[in-house]
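Colleague: Before we rely on this model, I would like to go through the terms used to describe it and hear what stands behind each of them.

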Amino acid sequence: MLLALIVLLPLAGYLLLTFAGKYFPRSSGGLLASLLVAISFLLSMGAFFMTRQHGMFVTGPFSWIDTAEFRASFSLQADSLTLVMSVMITGVSALIHFYSIGYMKEDPLINRFFSYMNLFVFFMLLLVMADNYLLLFAGWEGVGLCSYLLIGFWFKNPEYAKAADKAFIINRIGDLGFLLAIATLYITFGTLKFADIQTQLQSGIGVNQMTLITLLLFTGAVGKSAQIPLFTWLPDAMAGPTPVSALIHAATMVTAGIYLVIRSRALFMLSPLSMHVVSAIGIITALFAASIALRQFDIKKILAYSTISQLGLMFFALGLGAFDASLFHLLTHAFFKALLFLCAGSVIHGLHGQQDIRFMGHLKEKTPVTFITMLIGALAISGIPPFSGFFSKDGILAAAQQASPLLWILGLGVSLLTSFYMFRLIYLVFYGQYRGETGSWDPIHESPRIMTTPLIILAILSVISGLINVPGLFGGGEWLGNYTGLVQVMREGDHLTEWILMIITLLAVSGMILLARNRFTGKDIPEVSATTTKPIGRLLTGKYYVDEIYQAVITNPLARISDTLYSFVELKIVDALVEGVGATVSYLSRIFRFLQSGSVSFYLFFMVVGIILVLVLNLFM
Amino acid sequence: MINYQSTLQAVPLNWYILVSLTLFCIGAIGIIYRRNSIVIIMCIELMINSVNLLLAAFSAYNGNADGQIFVFFIMVVAAAEVTVGLALIVVMYRNINSTDISLFNNLKW
């Protein structure tokens with residue numbers, strides 16, 4: 001009952017705003033949506049605290065699809081993993097909803113915006129509370145739909161509408177993998193319920209079968225969580241309003257892939273190959289996206305690539321078996337990345353739509369709250385103690401170091417790149433001199449209270465959320481890992497090495513921050529004034545030309561094949577056939593229509609002749 | 001009580017066949033050559049009744065009543081058909097004041 005209420009409140013908001021939206025004054029629709037999500041959050045918190053006595057929450061099962069061949073029930077369950085996720089989802093969503101009241105104030109379609117946002121929260125909760133893969137898939141598709149609707153929220157701009165299409169289509173590729181995985185799971189186990197699959201695993205399933213299933217599942221995760229090779233939609237998804245980027249494309253929806261892998265961890269653990277693939281794709285994506293972020297100029301694109309990179313880091317940890325570290329990073333990342341996006345939104349709001357950091361600078365004077373909160377976010381993502389990112393990233397690096405020193409170095413590389421591009425952003429936006437057009441400085445303003453309050457709350461969370469999983473190194477109890485039961489390996493290790501490596505990491509990260517400071521606070525910033533001619537710089541600015549390569553290798557050949565099929569098969573064969581039949585009939589009818597003379601006796605005569613012919617033929621044959 | 005079967009069988013079967021064939025041909029030729037639609041309907045009735053006669057004769061010769069039952073059905077259907085046909089002719093007559101079939105030739109190519 002409690003679960004149903006948590007899930008249904010946002011749905012109620014969606015229905016109310018969609019079907020009765022015109023009866024709400026513009027200012028109250030957003031408030032209603034926000035309050036519903038906030039209540040949902042409080043209920044999630046309640047469930048979270050009750051779970052100790054109550055055990056796992058289950059609602060249902062209600063019969064959903066019930067045929068002789070196939071059976072799937074509609075039922076919600078909330079174990080510790082789900083509760084952690086849903087508290088995070090509803091909490092961050094509520095904050096972002098409140099923020100959006102300020103951010104979207106001027107928009108004529110504000111009620112529609114909030115109805116989509118509520119629908120998204122509903123589907124996201126459905127996704128994490130599903131007790132079987134099919135229902136999870138329903139939520140999975142639902143969040144994809146909302147992502148599409150919200151990316152293209154300002155659909156009158158054809159660029160934005162195209163970005164929405166792109167996100168939707170690329171996600172379909174991954175979703176196909178997920179769908180095939182569900183089919184394979186059903187063939188293998190005869191059920192899609194997590195618990196039933198779990199019990200059947202004991203009986204032993206072939207490794208190859210497991211590898212197939214997990215790789216297909218991972219394909220779905222790759223699409224949703226924007227990993228190589230399906231990551232190109234996420235930067236374009238920044239076309240949506242900034243709260244959408246914060247909620248869907250940073251904190252919640254894109255982490256669904258991580259959640260899926262954690263949920264299916266029992267399957268993944270059985271296939272070493274899949275685990276290797278997951279961590280390899282993860283770390284490659286992390287490095288790749290972080291390097292692109294080094295030379296972007298759109299404030300939201302930098303954050304988008306940063307998100308891709310951090311998600312890569314989470315997959316990296318998953319592949320190493322450090323599910324707890326990955327979930328921990330997922331949660332802290334949700335807080336600080338949502339914070340960073342909302343700060344970016346606040347900056348954009350203050351600058352009246354300017355997104356290019358080349359035309360910013362010195363904003364710390366005008367927007368102090370945004371500046372401080374964004375700095376906290378940047379420190380958290382860079383992994384400076386005692387901010388949350390430090391603990392969560394440390395967990396991932398520790399797992400990497402246990403697997404192999406080389407992996408640790410790669411992880412360190414990601415951290416360094418992260419801190420460099422984040423502080424490049426901070427210094428270019430808030431320090432130095434203002435580089436916008438003359439006359440645009442004075443109207444810059446700090447955002448209203450309704451927007452800055454969520455920033456402050458998220459900033460506090462970014463600072464303290466590290467405490468939920470303090471590693472044993474600092475005398476912590478790894479609460480999150482134990483609570484969710486995700487701790488797979490007790491990390492013994494000797495503490496001296498860990499300390500040394502951690503200090504190395506910290507020193508290197510601080511070095512990167514200083515480097516960024518030197519480069520981007522002077523009067524003359526080379527990157528800003530001139531486009532670079534260095535090949536590597538151009539490669540990074542061009543995002544490794546991945547979009548262009550996809551265009552050339554996949555989209556264009558497809559378009560050319562379609563063109564050929566159209567001009568040859570469609571026009572020359574199909575059309576010719578159909579039109580040929582028509583032309584033949586009309587040619588023949590030109591002759592035979594004269595048989596229809598209109599004279600009844602003529603018809604009767606032929607009728608009698610015909611009958612006689614039939615009789616005669618019958619006699620002789 | 002008169003024995004119908006033996007009475008009927010007093011005439012050889014060939015005569016029945018010959019009569020009904022003649023009637024049938026008269027009907028068919030009438031349909032082709034006559035112009036008046038009422039006569040055409042009468043010709044149709046003639047053809048139907050020639051068949052009825054044949055059925056009754058065969059039935060009597062075989063000592064089997066099935067053919068005669070058929071005849072009753074055919075008569076009922078023929079009555080219905082004539083009703084429809086005559087109704088059509090009435091409508092035709094109201095339109096052009098004639099029942100000449102050759103005047104109804106507007107529906108062509």
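Colleague: Why are α3(A) and α10(A) called roughly antiparallel to each other?

Modeller: In this predicted model, helix α3 (residues 80-103) of chain A and helix α10 (residues 242-251) of chain A pack at an angle of about 160°. Angles over 145 degrees count as roughly antiparallel, and α3(A) and α10(A) are therefore described in that way. Their axes are 9 Å apart, and the crossing of the two helices is right-handed.

Colleague: Which residues of α3(A) and α10(A) make the contact?

Modeller: From α3(A) the contact takes A:Val92, A:Ser93, A:Ile96, A:Tyr99, A:Ser100 and A:Tyr103, while α10(A) supplies A:Thr242, A:Pro243, A:Ala246, A:Leu247 and A:Ala251. Tyr, Ala and Pro count as nonpolar under the scheme used here, and the residues of this contact divide into 8 nonpolar, 3 polar and no charged.

Colleague: What makes α3(A) stand out on the side of domain 1 of chain A that touches domain 2 of chain A?

Modeller: The division of chain A gives domain 1 (1-131), domain 2 (157-541) and domain 3 (550-620), with bounds that come from an automatic or database domain assignment. Between domain 1 and domain 2 of chain A, 23 residues of the former are in contact with 31 residues of the latter. On the domain 1 side, the elements that give two or more residues are α3 and α4 (110-129) of chain A, and the largest share, 16 residues, comes from α3(A). That side divides into 18 nonpolar, 4 polar and 1 charged.

Colleague: How far apart do the C-alpha centres of domain 1 of chain A and domain 2 of chain A lie?

Modeller: Those two centres lie 24 Å apart, whereas the C-alpha trace of chain A as a whole spans about 110 × 70 × 55 Å along its principal axes.

Colleague: What share of chain A is buried, and what makes a residue count as buried?

Modeller: A residue needs 20 or more other C-beta atoms within 10 Å of its own, and by that test buried residues make up 48% of the 621 residues in chain A. The chain has 25 helices and 2 strands, and among its contacts between residues at least 6 apart in sequence, 79% join residues at least 24 apart.

Colleague: How many residues of chain B are in contact with chain A?

Modeller: With C-beta atoms within 7 Å as the criterion, 11 residues of chain B are in contact with 11 residues of chain A. The chain B side divides into 7 nonpolar, 3 polar and 1 charged.

How values were computed:
Residues numbered from 1 in each chain as written. Chains lettered and ligands numbered in written order. Predicted model: local features only at pLDDT ≥ 70, side-chain atom pairs only at ≥ 80, totals over all residues. Helix = DSSP H or I, 4+ residues; strand = E, 2+ residues; numbered from the N terminus. Buried ≥ 20, exposed ≤ 12 C-beta atoms within 10 Å, placed from the backbone. Contact = placed C-beta atoms within 7 Å. Axes fitted to C-alpha atoms, helices over the stretch in contact; angles between N-to-C directions. Parallel < 35°, antiparallel > 145°, perpendicular 65-115°, else oblique. Left-handed = near helix turned anticlockwise from the far one by under 90°.
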